[in-house]
Amino acid sequence: MSTETFEFQVEARQLLQLMIHSVYSNKDVFLRELVSNASDALDKLRLAKLRDDALDADVSDLHIEIDTDAEARTLTVRDNGIGMSYEEVGRLIGTIANSGTAQFAEELREAQEADSAEGLIGQFGVGFYSGFMVADEMTLVTRRAGESQGTRWSSRGEGTYTLERVDDAPQGTSVTLHLKPTDDEDKLHDYTSAWTIKDIVKRYSDFITWPIRTVPAKAEGDETAPEPETLNSMKALWARSREEVSDDEYHELYKHISHDWREPLETVRLQAEGTFEYQALLFVPSHAPHDLYTQGYKRGVQLYVKRVFIMDDCEALLPPYLRFVKGVVDAADLSLNVSREILQQDRHIRMMQRRLTKKLLATVKDMRGAAPERYATFWREFGSVLKEGLLTDPDNRDTLLAAASFATTHADDELTTLEAYAERMKEGQEDIYYLTGESRESIENSPHMEAFRAKGIEVLLLTDPVDEVWVDVVGEFEGKRLRSVAKGEVDLGGEADDKADGEREKQGEEYAGLLAWMKEQLADDVKEVRLSSRLTVSPACIVSDTGDLTPALENMYRAMGQEVPKAQRILELNPGHALVQGLNQAYQEREDRTELAGTAELLHGLAVLAEGGRPKEPGRFVKLVADRLERAL
């Protein structure tokens with residue numbers, strides 16, 4: 001058969017160089033990666049055979065085998081699983097389709113600590129390449145189950161690889177590593193040593209549900225072929241009692257499932273008995289994956305039926321807002337031939353989803369009280385995605401609100417709950433106030449905050465895009481309305497209410513002419529110009545009516561391709577500001593108000609800028625500002 005030579009894509013070449021010149025303190029992880037890949041291949045073959053009994057594949061003794069040759073300095077990891085076709089080898093091994101590869105390479109360069117760097121290997125699905133940490137050359141021989149011809153792939157990691165069709169390949173995949181010399185200083189161990197292999201398998205892969213075998217070396221003078229030795233216990237951790245399993249074992253299972261080689265933030269066990277029995281072992285990661293918010297994010301937990309692997313990413317078991325959760329659910333009474341379509345309708349699956357969701361949300365809520373630091377990490381990484389549930393899961397909305405935390409003007413570096421906010425509300429305050437924006441700094445500097453700051457009224461500072469939506473959908477918390485400080489008219493009350501009402505009435509008469517004239521001048525941009533009760537320092541601000549969409553929400557809908565009619569908003573003026581007072585005086589004294597029209601336009605533009613918006617005609621706005629500055633010199 002002819003051998004073809006191909007070049008790695010640019011990202012793959014960069015990755016290979018990082019692996020070859022690796023400074024990882026723990027190079028043993030390469031074996032964990034190869035065993036994990038082999039385990040996945042066996043799972044896929046059993047599932048394929050279950051769904052198509054006519055598939056020409058031997059499933060009588062599915063296993064993983066590790067062979068070593070001390071003289072040749074090779075290590076081979078072999079499985080008799082699903083295998084790969086010629087095209088699949090070129091696509092999966094010769095290139096890296098993962099969009100995060102460039103990010104991986106960048107993070108790898110920046111990783112200062114060995115543990116941090118090591119943790120990035122599996123996260124981006126590039127574990128196969130980790131073999132080059134310990135090998136000068138790698139050879140892969142594979143044959144896809146049901147096909148007659150196999151494929152040999154080989155590379156020294158120097159920018160090219162070869163592909164060749166072969167006739168004598170057994171079913172499955174074998175990966176042979178031509179090992180680098182042992183180097184204790186570089187922490188390159190002797191990976192032909194039986195003790196080293198046993199230690200690594202026991203440490204990282206003991207829970208793998210397939211037997212991992214190795215053939216011991218013959219005793220000197222003994223001609224009898226030794227029996228294969230199984231290195232792993234193959235015990236399903238979720239089926240064992242908590243007392244029997246160490247935290248390290250749980251963590252290794254999490255790493256195997258998630259390909260995130262950092263320890264999980266929280267481990268959640270659940271065992272249901274009765275009419276429908278199942279066991280669940282779920283993990284909350286300590287870091288959000290880089291593609292959590294992308295459309296192609298692979299979510300779901302592994303589904304087993306009576307210890308038999310059925311599905312790698314069963315989406316029906318958890319709602320989308322818990323898509324970051326990893327783990328295993330093992331059901332006793334589902335059909336082995338269950339399909340994704342059936343899962344969507346199965347009442348047992350729906351029942352499991354409800355219970356798993358409640359258990360996870362209760363865990364988050366408990367974490368806030370029992371482990372505040374872990375909760376702070378959780379909310380920083382996953383708070384935004386959890387709040388999606390406020391829109392999509394009305395049944396658990398109260399639980400989600402109770403588990404949620406928010407930035408607030410009450411404290412610079414501490415989050416608060418809605419319950420704690422309600423306890424701090426001032427006497428006579430009926431609403432929970434909030435303001436949305438791109439950052440805490442931009443919200444705190446917003447003109448809308450001035451009266452609230454002056455009166456010491458607490459405001460929630462909401463900076464996630466989803467905040468723009470859920471506050472309107474939820475509407476209230478324990479009978480208290482959620483109210484934006486940038487919508488509607490504000491009446492904060494106070495001791496001088498009667499005096500203030502009288503003063504506002506007098507100002508209303510004094511500014512009536514200016515307000516009507518400005519509304520006419522700005523008719524294309526605003527539907528009303530009125531005096532403000534929320535401003536104490538700024539001359540003007542833009543507000544929305546109570547039921548209107550915010551500009552940020554309008555932009556979000558347009559970005560999703562939805563047509564949203566542009567809502568006209570309200571311009572509020574601060575009658576206590578010298579600029580507004582001067583404008584009113586000039587309006588009353590001048591008959592020719594041509595120049596004042598430019599000032600009114602400037603005032604509106606400044607209000608738009610203050611809330612983070614953009615003037616309708618930036619060029620004209622800049623010219624108006626330049627003209628006014630020139631006259632002031």
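**Exercise 1.** Is Leu42 buried or exposed? Place this residue in its surroundings.

*Solution.*
Step 1. This is a predicted model. Leu42 has a relative accessible area of 0%. Buried means under 20%, so Leu42 counts as buried.
Step 2. Find its element. Leu42 sits in helix α2, which spans residues 29–51.
Step 3. List its contacts, leaving out residues up to four places away in sequence. Leu42 touches Leu62, His63, Ile64, Asp79, Asn80, Gly81 and Trp210.
Step 4. Compare sequence with space. Leu42 and Thr209 are 167 residues apart in sequence, yet their C-alpha atoms are 9.8 Å apart.

**Exercise 2.** Which residues have the most contacts inside the largest nonpolar core?

*Solution.*
Step 1. The core has 74 residues. Phe324, Phe378 and Trp470 have the most contacts inside it.
Step 2. Helix α9 (residues 347–370) gives the most to this core, seven residues.
Step 3. Take Phe324. Beyond four places in sequence, the residues it touches include Val284, Pro285, Tyr297, Phe378 and Phe382.
Step 4. Another core lies apart from the largest one. This other core has 64 residues, among them Phe132, Tyr161, Tyr204 and Leu237.

**Exercise 3.** What lines the second largest pocket?

*Solution.*
Step 1. The volume of this pocket is about 1,200 Å³.
Step 2. Its lining has 44 residues; closest to the centre are Pro551, Ala552, Arg569, Glu611 and Gly613.
Step 3. Elements giving two or more lining residues include β17 (432–436), α16 (467–474) and α20 (594–610). The largest share, six residues, comes from α18.
Step 4. Sort the lining by type: 16 nonpolar, 14 polar and 14 charged.

Conventions:
Residues numbered from 1 in each chain as written. Predicted model: local features only at pLDDT ≥ 70, side-chain atom pairs only at ≥ 80, totals over all residues. Heavy atoms only, no water. Helix = DSSP H or I, 4+ residues; strand = E, 2+ residues; numbered from the N terminus. Buried < 20%, exposed > 50% of the residue type's maximum accessible area, 1.4 Å probe, protein only. Contact = heavy atoms within 4.5 Å. 1 Å grid on protein atoms, 1.4 Å probe; cavity = no way out; pocket = protein on both sides within 12 Å on 5 of 7 lines; lining within 4 Å. Points joined across faces, edges and corners; volume = space filled by probe spheres on them. Nonpolar A, V, L, I, M, F, W, Y, C, P; charged D, E, K, R; others polar. Core = buried A, V, L, I, M, F, W, Y, C linked by side-chain atoms within 4.5 Å.
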